[in-house]
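Welcome! Here is a short guided walk through a structure you may be meeting for the first time. Keep the view open beside the text as you read.

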Amino acid sequence: MAPGANIPVASLPNLRDLGGYETADGAAVKRGRLYRSVLLGRLTDADLERVRRLGLRKIFDFRTADEFEATPDRDVGAVGINLNVLADRTGEGPASLLAKMDDPEALHAALADGQGGEMMRTAYSELIELPSANQAYGTFFRSVAESGSLPALFHCTTGKDRTGWAAAATLLFLGVGEEDVYHDYLQTNEQLWPALKPYLEQFERAGGDPEILRPVLGVDRSYLETAVGLMRGKYGSIDGYMRDGLGLEDQVLEALRDQMLDG
């Protein structure tokens, strides 16, 4: 299976193994160690058993308390760890807007003329700037580095933004080439968009144009570029971000490499 390829579980779209990518120094990211996905609350019984066979030990959930309470994860036999990346956000974000799918007029007003993309780039800046984001991602990496933590899976609601940054930061830190990191990030558009078809059809029946939703339901290279650029501007490099932004000690970073790299 090629790196970044979808693991076909119908009720868990965008399920992927971070493994398989090569690093600049000739190592490879281990397969079967760290997975990403959407929320686990809509798993069917048959798919639940398939996910359990991954042998997951920890599930990292980057959602807010309200998101978790609305759709709790199903039990896949792993320890659940809730890490609210957006706890310090003030104001309305993209997820709040999408709660208004039954009001196409309001969504068109909020997302027209490039407003959707600009909202997403602001959201990606928050993934670097919010204290709650730094705390959540620091806890995530510290836990992944612990012996006995893996295999593990991380997710948010749609598995594309909070999850997308966690995946990108992981791969960048491990030394995967930047174009491979962007390739992995953009796979979400191929793997998630088809699963959203029922919601898009519902929006269209209510009088909306589904294309207006693409900037907030999909991903765009400029979104990740916003986070990467801000990360480098503030911390100089991915290693600086991990140390100074997330507060991770050298021994944690070394353990993270040991856990995730072959060679």
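Strand β4, made of residues 58-61, runs parallel to β5, and four bridges join the pair. One place to look is Asp61, which stands opposite Asn82 in β5. Together with α2, these two strands form a β-α-β unit, and that unit is right-handed. Please keep in mind that this is a predicted model.

Where do β4 and β5 sit in the open sheet of five strands? The order is β1-β3-β6-β4-β5, and the pairing is mixed. Two strands form the edges, β1 (16-17) and β5 (79-82), and each of them pairs on one side only. At the β1 edge, the partner is β3, residues 34-37, and here the pairing is antiparallel, over two bridges. In this pair, Asp17 stands opposite Tyr35 of β3.

Around β1 there are two more residues to visit. Asn14 belongs to the segment before β1. Its phi is near 65°, which is a positive value in a residue other than glycine. Is Asn14 buried or exposed? With 0% relative accessibility, Asn14 counts as buried, because the cut-off for that class is under 20%. Gly20 is placed in the loop between β1 and β2 (28-29). At 22% relative accessibility, Gly20 counts as partly exposed. Gly20 also has a partner far along the chain: Leu261 is 241 residues away in sequence, yet the two C-alpha atoms are separated by 9.8 Å.

Next comes helix α4, which spans residues 104-111; Pro104, Leu107 and Leu111 are buried there. Why do these three lie on the same side of α4? They cover an arc of only 65° around the axis, so they share one side of the helix. The other side of α4 holds Glu105 and Ala109, which are exposed.

Just after α4 you reach Asp113, with a positive phi of about 55°. Asp113 is found in the loop between α4 and α5 (115-129). Its relative accessible area is 81%, so Asp113 is exposed, the cut-off for that class being over 50%.

Here are the two residues with a positive phi side by side.

| Residue | Phi | Relative accessible area |
|---|---|---|
| Asn14 | near 65° | 0%, buried |
| Asp113 | near 55° | 81%, exposed |

Another backbone detail is found between Leu150 and Pro151: a cis peptide bond joins them, with omega at about 5°. Pro151 lies in the loop that runs between α6 (131-145) and β6 (152-155).

Finally, let us turn to empty space. Rolling a probe the size of a water molecule over the atoms shows where such space is left. The second largest pocket has a volume of about 170 Å³. Which residues lie nearest its centre? They are Thr64, Glu67, Leu86, Arg89 and Ser96, out of 12 residues that line the pocket. Two helices, α2 (65-70) and α3 (94-98), each supply at least two residues of this lining. By class, the lining of the second largest pocket has three nonpolar, five polar and four charged residues. You have met α2 before: it is the helix of the right-handed unit with β4 and β5.

Notes: Residues are numbered from 1 along each chain as its sequence is written. This is a predicted model: local features need pLDDT of at least 70, side-chain atom pairs count only at pLDDT 80 or more; totals for chains, interfaces and linings use all residues. Side-chain values use heavy atoms; hydrogens and water are left out. Two strands pair if DSSP finds at least two bridges between them. On a 1 Å grid over the protein atoms alone, a cavity is a set of points where a 1.4 Å probe fits but cannot get out, and a pocket is an open set with protein on both sides within 12 Å along at least five of seven lines; lining residues have an atom within 4 Å of a point. Grid points are joined across faces, edges and corners, and a volume is the space filled by probe spheres set on the points. Ala, Val, Leu, Ile, Met, Phe, Trp, Tyr, Cys and Pro count as nonpolar, Asp, Glu, Lys and Arg as charged, and the others, Gly among them, as polar. Buried means under 20% relative accessible area, exposed over 50%, partly exposed in between (1.4 Å probe, protein chains only). The arc is that of the directions from the helix axis to the C-beta atoms. A crossover is right-handed if, with the strands pointing away from the viewer, the path from the first strand over the helix to the second runs clockwise.
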